[in-house]
Amino acid sequence: MSDHILKAYDDDLSALRNMLSEMGGMAEVQLNRSAEALMRRDGKLADEVIADDEKIDAMEIAVEEKAILTIAKRQPLGRDLRNIMVALRIASDLERIGDLAKNVAKRTHAIGDAIPRRLAGGLDRMAQLSQMQLKLVLDALALNDSDKAMDVWRHDEDIDALYNSIFRELLTYMMEDPRMIGACTHLLFAAKNLERIGDHSTNIAENIYYLVHGKALREERPKKDKTSTTPFTPIGKEAE
Amino acid sequence: MNDMPYKTVLTPEPPKIVALNPTKIVAQDVNVFYGEKHAIKHLSITIPDKAVSAFIGPSGCGKSTFLRSINRMNDTIAGCRVTGKITVDGEDIYDKSLDVVDLRARIGMVFQKPNPFPKSIFENVAYGPRIHGLAKDKTDLERIVTESLQRASLWDEVKDRLHAPGTGLSGGQQQRLCIARAISVNPEVVLMDEPCSALDPIATARIEELIIELKEKFCIVIVTHSMQQAARVSDLTAFFHLGILVEVGDTDEIFTVPQDKRTHDYITGRFG
């Protein structure tokens, strides 16, 4: 796509692209490290993640400024225009992913060694899935590959399903031993954050689809997160 | 592309504005030759009434040539030949029995450079209605001139000096005077050939505002080199390249999701 008569226009667009891919890399690292910090209860690593979030925030502002300047200077049309709009939206998704990763890291401190590590097994799997989704969608972005993006979009339900089962599992632990409620709630929030990160990856996938095809994806995404509609069953009543 | 080199892409098919508004001009398989040169190749298009249609494309692509064949201005060029059919309200404008002078009263034209007659502002506008016998008497003629200047958004600026020479106005005012002159004979279609290319941005904005107002009453066709202008004022956009009408569609679509690669390359500034 780099063949404008005006070379400086190409430079603007590729600069924006490079910033976005750098930002994607930063979000990926933050997510990986926050999951690792949580799994290993590594407070030092968690602090690093929390401190580094502002770098992603700064990058989002830089992307925004570049995008606005390019619109003002070049009056982009067609795919160039979509490229810029999509860069803005993806930057905002990546910034949110950074925030959520930071929040996961924060909970490392709150959980401490309060609960056996085996509880975190499902969470570990969830972290892997959300890392994989983010990686794949960033690859699709680098290649402008709408088919790859759609693969990511369809697989979000795997994360949803896992979140669903972690939700039930944690609920069970809490009902068995009320002393676990505090730690389990933090794990539940961490799981929810990972699930939200998956949603942002699908947002990015939808934007890649729009970039390539010029129209918004209209289909309803398959969803398996049913936790918000799962009725709460008080202890002692499960048998009924 | 090779099996149907002259096929025009419709974005969408048919464009929404064409489906929505009554049809004004229909061209079917139109070819224009300047001697040996094949300037327009197998062009077919439907132009809606009460809307602005913009022709865009690089220099020499045939957009002005086609515009001029809509009111038979090409007749005066030696060696120019037009084949195919162009109808306005279903009537063939190349029919032998048609009076070209009448046709040009129905289809007005505004040119790139403002070209007022070397007469007063009043006379510039009164000339057309007078020779076409549209005014009953002097009062009626004054009414037509006033209304035309008002519709061209020029009245307030010239009402106190109607008998001053038209050539004494600024470029933007002269162009609005030419538009007043074109609409004074109550045409159905107004053709504009790069009407703003000699004007500054403020005068351009005034003309664009005027074009949007005028589409309530007229079918407007504008040739422009400014993509932004086409995007701002038109409902339908037609992209010409090397004498071929490449793509026609709703302006909103053409400037965001053009279908043909040539259209995309042109509007995004990639044409080498």
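This is a tutorial dialogue on reading selected features of a predicted model.

Reader: Which residues does the contact take from chain A and chain B, and how many from each?

Author: As a general idea, the size of an interface is often given as the accessible area lost when the parts come together. Here the description is by residues: chain A contributes 13 residues and chain B contributes 13 residues. On the side of chain A that touches chain B, the largest share, four residues, comes from helix H3 (residues 78-111) of chain A. That side of chain A is made up of five nonpolar, four polar and four charged residues.

Reader: What span should the 34 residues of H3(A) have, at 1.5 Å a residue?

Author: The expected span is 50 Å, and the end C-alpha atoms of H3(A) are 50 Å apart, which agrees. After H3(A) comes Gly112(A), with a positive phi near 55 degrees. The other helix to take up here is H1 (residues 7-40) of chain A, with 34 residues; from its first C-alpha to its last it reaches 49 Å, close to the 50 Å expected at 1.5 Å a residue. Following H1(A) is Arg41(A), whose phi is positive, near 50 degrees.

Reader: At what angle do H1(A) and H4(A) pack, and how far apart are their axes?

Author: Two packed helices are described by the angle between their axes and the distance between the axes. For H1(A) and helix H4 (residues 121-143) of chain A, the angle is about 170 degrees and the axes are 10 Å apart. Angles over 145 degrees count as roughly antiparallel, and H1(A) and H4(A) are therefore roughly antiparallel to each other.

Reader: Which residues of H1(A) and H4(A) make the contact?

Author: From H1(A) they include Gly24(A), Ala27(A), Leu31(A) and Ala35(A), and from H4(A) they include Ala127(A), Leu134(A), Leu138(A) and Leu141(A). The residues of this contact divide into nine nonpolar, five polar and three charged.

Reader: Where does Asn144(A) lie, and what is its phi?

Author: Most residues other than glycine have a negative phi, and most peptide bonds are trans. Asn144(A) has a positive phi, near 50 degrees, and lies in the loop between H4 and helix H5 (146-176) of chain A. It counts as partly exposed, with 15 C-beta neighbours inside 10 Å. In chain B, Ser153(B) also has a positive phi, near 55 degrees. Ser153(B) sits in the loop between helix H5 (138-151) and helix H6 (155-158) of chain B, and its 18 C-beta neighbours inside 10 Å make it partly exposed.

Reader: Which peptide bond ending at Pro12(B) or Pro14(B) is cis or trans?

Author: The bond from Thr11(B) to Pro12(B) is cis, with omega near -10 degrees. The bond from Glu13(B) to Pro14(B) is cis, with omega near -10 degrees. Pro12(B) is placed in the loop between strand E1 (9-11) and helix H1 (16-20) of chain B, and Pro14(B) is found in the loop between E1 and H1 of chain B.

Reader: What is the order of the open sheet of four strands in chain B?

Author: Strands of a sheet pair through backbone hydrogen bonds, either parallel or antiparallel. In this sheet the order is E3-E2-E5-E6 (chain B), and the pairing is antiparallel. Strand E3 (37-48) and strand E6 (91-92) of chain B are at the edges with a single partner strand each, so one side of each has no neighbour in the sheet. Strand E2 (residues 23-34) of chain B pairs with E3(B) in the antiparallel sense over eight bridges. Within that part of the sheet, Val32(B) stands opposite Ile40(B) in E3(B).

Reader: Which strands does E4(B) pair with, and in what sense?

Author: Four bridges join E4(B) to strand E9 (residues 219-223) of chain B, and the two run parallel. Phe55(B) stands opposite Val223(B) in E9(B). E4(B) also pairs in the parallel sense, over four bridges, with strand E10 (residues 236-241) of chain B. There, Ser53(B) is opposite Leu236(B) in E10(B).

Reader: Are the residues of E4(B) buried or exposed?

Author: Five of the five residues of E4(B) are buried. Both faces are covered: Val52(B), Ala54(B) and Ile56(B) are on one side, and Ser53(B) and Phe55(B) are on the other.

Reader: What does Val52(B) touch?

Author: Val52(B) lies in strand E4 (residues 52-56) of chain B and counts as buried, with 26 C-beta neighbours inside 10 Å. Not counting residues up to four places away in sequence, its contacts include Ile211(B), Ile220(B), Ile222(B) and Val233(B). Val52(B) and Ile220(B) are 168 residues apart in sequence, yet 4.7 Å apart in space, C-alpha to C-alpha.

Conventions:
Residues numbered from 1 in each chain as written. Chains lettered and ligands numbered in written order. Predicted model: local features only at pLDDT ≥ 70, side-chain atom pairs only at ≥ 80, totals over all residues. Contact = placed C-beta atoms within 7 Å. Nonpolar A, V, L, I, M, F, W, Y, C, P; charged D, E, K, R; others polar. Pairing = 2+ DSSP bridges. Expected span 1.5 Å × (residues − 1). Axes fitted to C-alpha atoms, helices over the stretch in contact; angles between N-to-C directions. Parallel < 35°, antiparallel > 145°, perpendicular 65-115°, else oblique. Buried ≥ 20, exposed ≤ 12 C-beta atoms within 10 Å, placed from the backbone.
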